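Good morning, and thank you for making time for this presentation. Please look at the sequence and the structure as they appear, and keep them in view while I speak.

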Protein chains: 2
Amino acid sequence: MADSTITPRSEDYSRWYLDVIREAQLAENSPVRGCMVIRPYGYAIWEAIKDGLDRRFKATGHQNAYFPMFIPYSFIAKEAEHIEGFSPELAMVTVGGGKELEEPLVVRPTSETIIGHTFARWIQSYRDLPLLINQWANVVRWEMRTRPFLRTMEFLWQEGHTAHATAEEAIEETMQMLGVYEEMARDDAAIPVIPGEKSAIERFAGAVSTYTIEAMMGNGWALQSGTSHYLGENFSRAFDIKFLGDNNEQQYAHTTSWGVSTRFVGAVIMAHGDDQGLRLPPKMAPIQVAIVPIWRKAKEEAEVMGLANEVFQTLKQAGIRVKLDDREQLSPGYKFNDWEMRGVPLRIEIGPRDVKQNSVVVARRHLPGKEGKIFGVAVESLGDRIPELLQEVHDGLYEQALNFRNENTHDGIEDFDTFIHTAQDKGGFLKVYWAGNDEDEVKIKEDHKLTVRCYPRDDQGGPKGRCFYTGKETDRIAIFARAY
Amino acid sequence: MADSTITPRSEDYSRWYLDVIREAQLAENSPVRGCMVIRPYGYAIWEAIKDGLDRRFKATGHQNAYFPMFIPYSFIAKEAEHIEGFSPELAMVTVGGGKELEEPLVVRPTSETIIGHTFARWIQSYRDLPLLINQWANVVRWEMRTRPFLRTMEFLWQEGHTAHATAEEAIEETMQMLGVYEEMARDDAAIPVIPGEKSAIERFAGAVSTYTIEAMMGNGWALQSGTSHYLGENFSRAFDIKFLGDNNEQQYAHTTSWGVSTRFVGAVIMAHGDDQGLRLPPKMAPIQVAIVPIWRKAKEEAEVMGLANEVFQTLKQAGIRVKLDDREQLSPGYKFNDWEMRGVPLRIEIGPRDVKQNSVVVARRHLPGKEGKIFGVAVESLGDRIPELLQEVHDGLYEQALNFRNENTHDGIEDFDTFIHTAQDKGGFLKVYWAGNDEDEVKIKEDHKLTVRCYPRDDQGGPKGRCFYTGKETDRIAIFARAY
């Protein structure tokens, strides 16, 4: 049975994650250490993420382009913090066409440098700004400890790169794209995320400020699910991205970059999955509705399959991604479990009694067992009803994730002792007043594996309170958590 | 003026090609030798090619997946012809995370090996077949002489990889995908192509047979625009892709692979472009309609812009990719040339007289000057008329390309002397009876740069004729041409 091979989350969350990925055929290890094969069912989720983002990027005036994957090593070295941050993670091509290269080529870990170099050529005047570019690409970071989707040596992502005349416009863009990520997470993936600024030590190498969307996974850990960086003039100065302003003076552009990667597939798995397996948000589900016919006798089969085919055609014509499970030699019970494990939002069951009543049973994946079932759904209503129910599953998944996050977010913590005990006993997000410095933050990270996930955007600027660590008064709120 | 910087095709076709790419901002050289930057206007054409192919792949039952870009060197070496073919072109990663690697990793030049290795894991029984996979990816081949889109070190492509129970099914798939390419070229790109089999020496390294679509460029040269390979058991045996047949016996799968790359953007440029610049097939044009308002006095401006905005909204709502050119400081004449150079299929001109008549002038890019203009097109008819005219431009471009190919295809050649003189004096495609062997073919290639483009599928099996080279009787027809 499909579900018997998935470790319960409470027993071992990491094994549960790997079990789900294997059983639902999302991805698998490859012969190249740290690189995964993304299987069709997993890739279809990534395609849904891509489509949702690409549409929103274009609607906000961005254009796609493509830049070389190989970057001269000297480029990476031009921005001091950038090289410091990425140097330990680089893959280098040293031989091409059978010959040793004069200068090694870096396989891009991110493209600020090569794109910065190109922007310097494209931008001459304020009329060339803003320049709003996005790239869909693969990138490589030499990671030692990898985990499918969450951290792999090669991964797929989009990286937006923009240039603006002023700091204000660049910061506005940085926040706009953070908002786009927040919206995609909420409206497409049914994942509530916390947008906020990263602390100095968690900043992107070379950024003035980094913003993030943080999501809570099913074990209470945080997953950084997308980031947006205001790069100030750091890369403009390194790559000489200058323009003649309308005041007739040469000035440096202000740039941004922002990215979401295949890591987000991991967020979808862990934000929603349960002990039966995946639970996919309807907009991202490769299969939104699975139809399982049920019969015993040959006479029943003809009737049941007749109705099942009719329902299949109705839904297909309504633009729904529907699958009729006509596999032989498998019991309906096995099929139920199988589609549950694969996270299909709605299952339609059709038996001989349903044929008589010209109705079907619909099971909603976000509610367990009987609770999720709706009996006697009239066949003629399905064209309208199924889209409604898909929206209901979307809303249900979102609400459950939000409730779970709220239940596992702890505030009112006023001293370090309570902070540590809450983390150990309850886990989840610790929402605290925070006035510590970089060293304090590093110490907490090293001693307790708790990191500042972000300064949540919507919680800043309220009444002051006491930092649990330094005892200082502050109005800065931080979220600490264990994180992937 | 935009057009003054484009070299006429008759003067220097290669320079014309590079001029068009530069002026229309399709791509540019990068600081990494042999790698190009694909600019937004060029990338949008690639996106149209992708969308057209991806839709057709899915309609024929294929699924997308993603495999690692890095391949252990030992994998590449497993299939003897494959390593021989690709060995001189490999880029190798030898350093990762600051350390020398034990086994160098090859940056994929194509993925038969890593996908073959994976297929061996996925395929156990005849029930797992056919396995129909496609990948969108970047690949690297260490080329010494590069030319934007046509031949670059890194390029983007799709590579389909499928496995089948029998040779017949695999060959059927190979031909089906060749047909998909033919259809995309004809229906989306307005390019007539000649489908056919490659000669032995032009075969993909490791294939049993290679099929191609060959298109004629504006200088009469051929461009191989897509290929589809029947790989027989070559890769199954190298990677042990075996299955238990319904006869209960272990057998090797038969595999195929097929690909179209960013090279196809080059085909679009060269199949249709003229001395004014690009001429884009409407389905692939990032901008299908450009509206140019014309006025002299401020009073006229208000009226003209009012109508221009109305037309813009009408077309936008009709789902047409439309651009209102409201750039200041540029004359209408400059704008006309600019949009012509960028290959926009339809230009709408709106002046004060048009406002009075509530009509517009439409210029069709595939017909020069006055001939292409339609005067007095009623504004209220545009929602219907523009889609019709876009189809007319598509059909016109296709017909012109087909006529050009027919005019430049020479047959009835019965001796080598005529063959060489026709090639030198007239160029184009030489459609001949061919009974030569591999050595003959290599000699003609080395001495005269003429290669067998394909044995055209639709011309085989007819009456016999005399080979112009060997004098032997044969029913095999071949097309020889200069090629990119």
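Lys449(A) counts as exposed, because 11 C-beta neighbours lie inside 10 Å of this residue, and the cut-off for that class is 12 or fewer. I should say at once that the model is predicted. Lys449(A) sits in the loop between helix H14 (438–448) and strand S22 (451–456) of chain A. Its backbone deserves attention: phi is positive, about 60°, although Lys449(A) is not a glycine.

A second residue in chain A invites the question of surroundings. Is Phe149(A) buried or exposed? Phe149(A) counts as buried, with 27 C-beta neighbours inside 10 Å. Like the lysine, Phe149(A) is not a glycine, and yet it has a positive phi, of about 70°. Its place is in the loop between S7 and S8 of chain A.

Let me stay with the backbone for a moment and turn to the peptide bonds. In chain A, Leu129(A) and Pro130(A) are joined by a cis peptide bond, with omega about -5°. Pro130(A) belongs to the loop between H5 and strand S7 (131–140) of chain A. In chain B, a cis peptide bond joins Leu129(B) and Pro130(B), and there too omega is about -5°. Pro130(B) is located in the loop between helix H5 (112–122) and strand S7 (131–140) of chain B.

I now come to the relation between the two chains. In general, two copies of a chain are related by a rotation about an axis and a shift along it. What rotation superposes chain A on chain B? The rotation is 180°, with 0.0 Å of shift along the axis, and the RMSD is 0.0 Å. That is the relation of a two-fold axis. Within chain A, the C-alpha nearest the axis belongs to Val93(A), at 2.1 Å from it.

How many residues does each chain bring to the contact? Chain A gives 37 residues and chain B gives 37 residues. Several elements of chain A supply at least two residues each to the side that touches chain B, among them helix H2 (40–59), strand S5 (91–96), strand S6 (99–107) and helix H5 (112–122). The largest share of that side, 6 residues, comes from S5(A). By type, the residues of the side of chain A that touches chain B divide into 23 nonpolar, 10 polar and 4 charged. Furthermore, 100% of the interface residues of chain A are also interface residues in chain B, so the copies meet through the same surface.

The strand S5(A) leads us to a sheet. S5(A) is joined to strand S5 (residues 91–96) of chain B by 5 bridges, and the two strands run antiparallel. One example can be found by eye: Gly96(A) stands opposite Ala91(B) in S5(B). Which strands make up the open sheet, and in what order? There are 6 strands, in the order S4(A)-S6(A)-S5(A)-S5(B)-S6(B)-S4(B), with antiparallel pairing. S4 of chain A and strand S4 (70–72) of chain B stand at the edges, and each has a single partner strand, so one side of each is left without a neighbour in the sheet. Direction ignored, neighbouring strands of this sheet are turned by 45° against each other on average. At one of the edges, 3 bridges join S4(A) to S6(A), which run antiparallel. There, Phe70(A) stands opposite Val107(A) in S6(A).

Let us look next at chain B and its strand S9 (residues 194–197). Both faces of this strand are covered: Ile194(B) and Gly196(B) on one side, and Pro195(B) and Glu197(B) on the other, are all buried. S9(B) runs antiparallel to strand S10 (residues 209–216) of chain B, to which 4 bridges join it. In that pairing, Pro195(B) stands opposite Ile213(B). S9(B) is also joined to strand S22 (residues 451–456) of chain B, by 2 bridges and again antiparallel. Here the bridge partner of Gly196(B) is Pro456(B).

One more residue of chain B is Phe404(B), found in helix H12 (residues 382–407). Phe404(B) is partly exposed, with 18 other C-beta atoms within 10 Å. In sequence, Phe404(B) and Met217(B) are 187 residues apart, while their C-alpha atoms are 9.3 Å apart in space.

Finally, I turn to the domains. The domain assignment of chain A gives domain 1 (2–272), domain 2 (289–391) and domain 3 (409–481). Taken over C-alpha atoms, the centres of domain 2 and domain 3 of chain A are separated by 48 Å.

Conventions
Residues numbered from 1 in each chain as written. Chains lettered and ligands numbered in written order. Predicted model: local features only at pLDDT ≥ 70, side-chain atom pairs only at ≥ 80, totals over all residues. Domains from an automatic or database assignment. Least-squares fit on C-alpha atoms with pLDDT ≥ 70 in both. Contact = placed C-beta atoms within 7 Å. Buried ≥ 20, exposed ≤ 12 C-beta atoms within 10 Å, placed from the backbone. Nonpolar A, V, L, I, M, F, W, Y, C, P; charged D, E, K, R; others polar. Pairing = 2+ DSSP bridges. Axes fitted to C-alpha atoms, helices over the stretch in contact; angles between N-to-C directions.
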